[in-house]
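Here are some short exercises on helix packing and residue environments. Try each task on the model first, then follow the solution step by step.

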Amino acid sequence: MGAWRTISVALEANVKQYTDEMEKARRQTDGLGKDVADLDRKLGQIREGAGIGIAAGTAVGLGVATKAASDLREAQAAANVVFGESSGIIEKYAADAAQAIGLSERQAFNATATFGNMFTQLGIGQEEAANLSMSMVTLAADFGSLKNVDPMAIIEAQSAAFRGEYDSLQKFIPTISAAAIEQQA
C-alpha cells in the first residue's frame with residue numbers, strides 16, 4: 001500500500017498545483033476581461049464624443065453655409081434693385097469675380113451696388129452705372145493687388161473719396177487731397 005499512498009499523495013499534489021495554477025489563470029483572465037471591457041467602454045465614449053463633435057461641427061458648418069448663401073442672395077437682390085434691367089451684366093461680372101479679380105461673388109455684388117447706388121443718384125442711367133461700377137471695382141482689385149492690400153479697403157477708400165473724404169485714400173495715394181482735386185477740376 002505504500003506505493004498507492006505515494007501515487008495518491010503525488011497525484012493530490014499535482015491536482016492541487018494544477019488547481020492553483022488554473023485559479024491563478026482564471027483570475028488573470030478575469031482581470032484581462034475587465035480591462036478589455038473597460039477599454040471597450042472608453043472607446044465607446046470616444047466614438048460617441050467624436051460623433052457628437054462631428055455632428056456639432058456639421059451643424060455649425062451648415063449654419064455658416066446657410067448664412068453665406070443668405071448674404072449672397074441679399075447682395076444680389078441689392079444689385080438687382082440698383083441696376084434694374086442692367087443687373088444681368090452685374091450678375092455675370094460677380095459670378096466671374098473670383099477668377100478675374102480675386103473677389104467673392106458676394107463682395108463683387110456689394111461693391112458694384114455701392115458704386116451703382118451713388119452713380120444712379122447722380123442721374124447716370126442704370127446701364128452706364130453698371131459699367132462704371134464694374135470699372136471701379138476692377139480698378140480697386142488691381143490697385144489692391146499692386147499695393148498688396150485687401151481690395152475691399154480700396155473700395156471703401158474710393159467710396160469715401162467720391163463723398164469728398166480723401167483721408168482714407170491718402171493711405172494709398174499720399175498726394176491726393178481736396179485741394180489737388182479742386183485744382184484738377
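**Exercise 1. Find which residues of helix 2 and helix 4 meet, and work out how the two helices are oriented.**

Solution. Please keep in mind that this model is predicted.

- Step 1: start on the helix 2 side, where Ile89, Ile90, Tyr93 and Ile101 take part in the contact. Their partners in helix 4 are Ala130, Asn131, Met134, Val137, Thr138 and Ala141.
- Step 2: sort the residues of this contact by class, which gives 8 nonpolar, 2 polar and no charged.
- Step 3: turn to the geometry. Helix 2 covers residues 87-101, and its axis lies 11 Å from that of helix 4, at an angle of about 10°.
- Step 4: compare with the cut-off. Angles under 35 degrees count as roughly parallel, and helix 2 and helix 4 are therefore roughly parallel to each other.

**Exercise 2. Describe how helix 3 packs against helix 4, including the hand of the crossing.**

Solution.

- Step 1: locate the two elements. Helix 3 spans residues 105-121 and helix 4 spans residues 126-147.
- Step 2: read the geometry. The two axes come within 8 Å and cross at roughly 135°.
- Step 3: name the arrangement. Helix 3 and helix 4 are oblique to each other, because an angle of this kind falls outside the parallel, antiparallel and perpendicular ranges.
- Step 4: add the hand, which is right-handed for helix 3 passing helix 4.
- Step 5: list the residues that meet. Helix 3 contributes Ala111, Thr112, Phe115, Gly116, Phe119 and Thr120. Helix 4 answers with Gln126, Ala129, Leu132, Ser133, Met134, Met136 and Val137.
- Step 6: classify them. There are 8 nonpolar and 5 polar residues in the contact of helix 3 with helix 4, and no charged ones.

**Exercise 3. Carry out the analysis for helix 4 and helix 5, and say what classes of residue form their contact.**

Solution.

- Step 1: helix 5 is made of residues 151-162, and its axis is 8 Å from that of helix 4, at an angle of about 125°.
- Step 2: helix 4 and helix 5 are therefore oblique to each other.
- Step 3: their crossing is right-handed.
- Step 4: on the helix 4 side, the contact is made by Met136, Val137, Leu139, Ala140, Ala141, Phe143 and Gly144. On the helix 5 side, you should find Pro151, Ile154, Ile155, Gln158 and Phe162.
- Step 5: the contact of helix 4 with helix 5 divides into 10 nonpolar and 2 polar residues, with no charged ones.

**Exercise 4. Glu105 and Phe109: decide for each whether it is buried, partly exposed or exposed, and find its contacts.**

Solution.

- Step 1: place Glu105 in helix 3, and place Phe109 in helix 3 as well.
- Step 2: check accessibility. Glu105 has a relative accessible area of 32%, so it is partly exposed. Phe109 has a value of 1%, so it is buried.
- Step 3: look past the neighbours within four places in sequence. Glu105 is then in contact with Leu72, Ala94 and Ala95. Phe109, treated in that way, is in contact with Leu72, Ala75, Gln76, Ala79, Ile90, Glu91 and Ala94.
- Step 4: relate sequence to space. Glu105 and Ala75 are 30 residues apart along the chain, with 8.9 Å between their C-alpha atoms. For Phe109 and Asn80, 29 residues apart, the C-alpha separation is 9.2 Å.

**Exercise 5. Where do Glu127 and Asn148 lie, and which backbone angle makes Asn148 worth a look?**

Solution.

- Step 1: Glu127 belongs to helix 4. Its relative accessibility is 53%, so Glu127 counts as exposed.
- Step 2: Glu127 is 37 residues from Ile90 in sequence, and the C-alpha atoms of the pair are 9.7 Å apart in space.
- Step 3: Asn148 sits in the loop between helix 4 and helix 5. With a relative accessible area of 71%, Asn148 is exposed.
- Step 4: the angle is phi, which is positive at about 55° in Asn148, although this residue is not a glycine.

**Exercise 6. Step back: how many helices and strands does the protein have, and what percentage of its residues count as buried?**

Solution.

- Step 1: count the elements, which gives 7 helices and 0 strands.
- Step 2: of the 185 residues, 24% count as buried.
- Step 3: among contacts with a separation of 6 or more, 50% join residues 24 or more positions apart.
- Step 4: the accessible surface comes to about 12500 Å², and 59% of that belongs to carbon and sulfur atoms.

Terms used
Residues numbered from 1 in each chain as written. Predicted model: local features only at pLDDT ≥ 70, side-chain atom pairs only at ≥ 80, totals over all residues. Heavy atoms only, no water. Axes fitted to C-alpha atoms, helices over the stretch in contact; angles between N-to-C directions. Helix = DSSP H or I, 4+ residues; strand = E, 2+ residues; numbered from the N terminus. Parallel < 35°, antiparallel > 145°, perpendicular 65-115°, else oblique. Left-handed = near helix turned anticlockwise from the far one by under 90°. Contact = heavy atoms within 4.5 Å. Nonpolar A, V, L, I, M, F, W, Y, C, P; charged D, E, K, R; others polar. Buried < 20%, exposed > 50% of the residue type's maximum accessible area, 1.4 Å probe, protein only. Areas by Shrake-Rupley, 256 points an atom, 1.4 Å probe, with all protein chains shown as cover.
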